[in-house]
Amino acid sequence: MFDHIAIVGAGAWGTALALAAERAGRKITLWAREPEVVEGVAMRRRNPFLQNHLIPGAIKVTNDLAQALKGTQLVVLVVPSQYLRAMAREVEALLPADVPVVICAKGIEGDSGKLMTQVIADEMPGRPQAILSGPSFADEVAEGQPTAVTIASEDVGATHETAMASLAARVALSFSSPVFRPYLSDDPLGVEVGGAVKNVLAIACGIAAGRGFGSNPRAALITRGLAEIKRLAQALGGRRETVTGLAGIGDLTLTCSSEQSRNFSFGKALGAGMTPDEALAGKKSVAEGAVNAKSVTALAARLGVDMPICQAVYAVIYGGVEVDAAMKALLTRPIKAESRELEGLISLPNPANYDEPETEIPA
């Protein structure tokens, strides 16, 4: 196990992971960019991003990155996806070459279309890396509610010996406790595609809720959204089966079903009639699905992957398309088969479009 862990990023999720690791018996240093976080912990043992939970005195909190990384055996990067590259560059300049990193950012980089593991490979070449994802609201993890996650690294082999020696296994052992259960995966690509796309789909489910719709539309969006995640994961070299696990359908179901999700709440505001700027105004934390709606749809277009729900979310946020028009465009698309074998063979004109022109969703 890694005894000394540095967690870089003291938002709600970074703080919750610090609490989970401390609960597992690890020595934890938490780095915060915001001075008010360090002050809040020093004065009241509370983080403004996770107000309802006391931070034990055993967890050190600092604004000094060099101090946070000093002597650490493992670094956990918990920053929004759009800031991961810059943060990785800062950490790399201070970190010994043999210290592994765990990525907790969920997304696809906007400018490059790269996944988070690829961003780390660019900025921290040769450094061992794993990715942690799964259905895990920060507040519930901090509270100590039972939670299961997936930890993936490429060195998880097919034998007992190689699996036990993998980075994913060592990270899992380091975080494991009676209330925090990690599972291992050898498919980082599949795991991180699930984490990136589910935020966009959560916005779609929030929009449906904001329009006053019930459970039927949400079930359809989750199920067909899962198909979109599978297509993209497979196109990138991941495995479809990974998407049926905790980091895929588990995280998707959680994020699409609760107002604890920033992305769901953002979508609900859009469905209720707010503009994207109004829905985001005054928010302390980032609705990463709003950012990833751009990068996911751009990557899908480049790879020729059909992702109509994600495309509709992009059209509402950035294309000026009204919510009702976007929903109609989804419901009146050509009729397709559900199974993968027939999906590409069947496309029937939708009778709902016979009496009026089909709504165009901009790419």
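Here is a short tour of this predicted model, moving from its sheet to its cores and then to its aromatic pairs.

**Stop one: the sheet.** Start by colouring the strands. You should find an open sheet of eight strands in the order 5-2-1-6-7-8-9-10, with mixed pairing. Now pick out the two edges: strand 5 (60-62) and strand 10 (180-185) each have a single partner strand, so one side of each is left without a neighbour in the sheet. If you look along the sheet for its twist, neighbouring strands are turned by 25 degrees against each other on average, ignoring direction.

Zoom in on strand 1 (residues 4-8) and strand 2 (residues 27-31). These two run parallel and are joined by five bridges. For one of those positions, select Ala 6 and look across to strand 2, where its bridge partner is Thr 29.

**Stop two: helix 9.** Next, select 188-210, which is helix 9. What does helix 9 lie across? Show strand 8 (129-133), strand 9 (147-152) and strand 10: the helix lies across these, at about 40 degrees to strand 8.

**Stop three: the cores.** Keep helix 9 on screen and bring up the largest nonpolar core, which has 48 residues; Val 197 and Leu 232 touch the most other members. Helices supplying at least two residues each include helix 9, helix 10 (215-235), helix 12 (262-271) and helix 14 (288-303). Add helix 15 (308-318) and helix 16 (323-331), which do so too. Helix 9 gives the most to this core, with twelve residues.

Now centre on Val 197 and hide its neighbours within four places in sequence. What is left in contact with Val 197 is Ile 229, Leu 232, Val 296, Met 307 and Cys 310. Apart from this core lies another, of 41 residues; to find it, select Val 37, Leu 50, Val 102 and Cys 104, which are among its members.

**Stop four: the aromatic pairs.** How many aromatic pairs are there to visit? The count comes to two. Go to Phe 175 and Phe 180 and show the rings: their centres are 6.3 Å apart and their planes sit at 45 degrees, so the pair is tilted. Both of these Phe residues are buried.

Finish with Tyr 314 and Tyr 318, also a tilted pair, 5.4 Å centre to centre with 40 degrees between the planes. Because they are four residues apart in helix 15, about one helical turn separates Tyr 314 from Tyr 318. Switch on the surface for the last look: Tyr 318 counts as partly exposed, because its relative accessibility is 35%.

Notes:
Residues numbered from 1 in each chain as written. Predicted model: local features only at pLDDT ≥ 70, side-chain atom pairs only at ≥ 80, totals over all residues. Heavy atoms only, no water. Core = buried A, V, L, I, M, F, W, Y, C linked by side-chain atoms within 4.5 Å. Buried < 20%, exposed > 50% of the residue type's maximum accessible area, 1.4 Å probe, protein only. Contact = heavy atoms within 4.5 Å. Phe/Tyr/Trp six-rings, centres within 6.5 Å; stacked < 30°, edge-to-face > 60°. Pairing = 2+ DSSP bridges. Axes fitted to C-alpha atoms, helices over the stretch in contact; angles between N-to-C directions.
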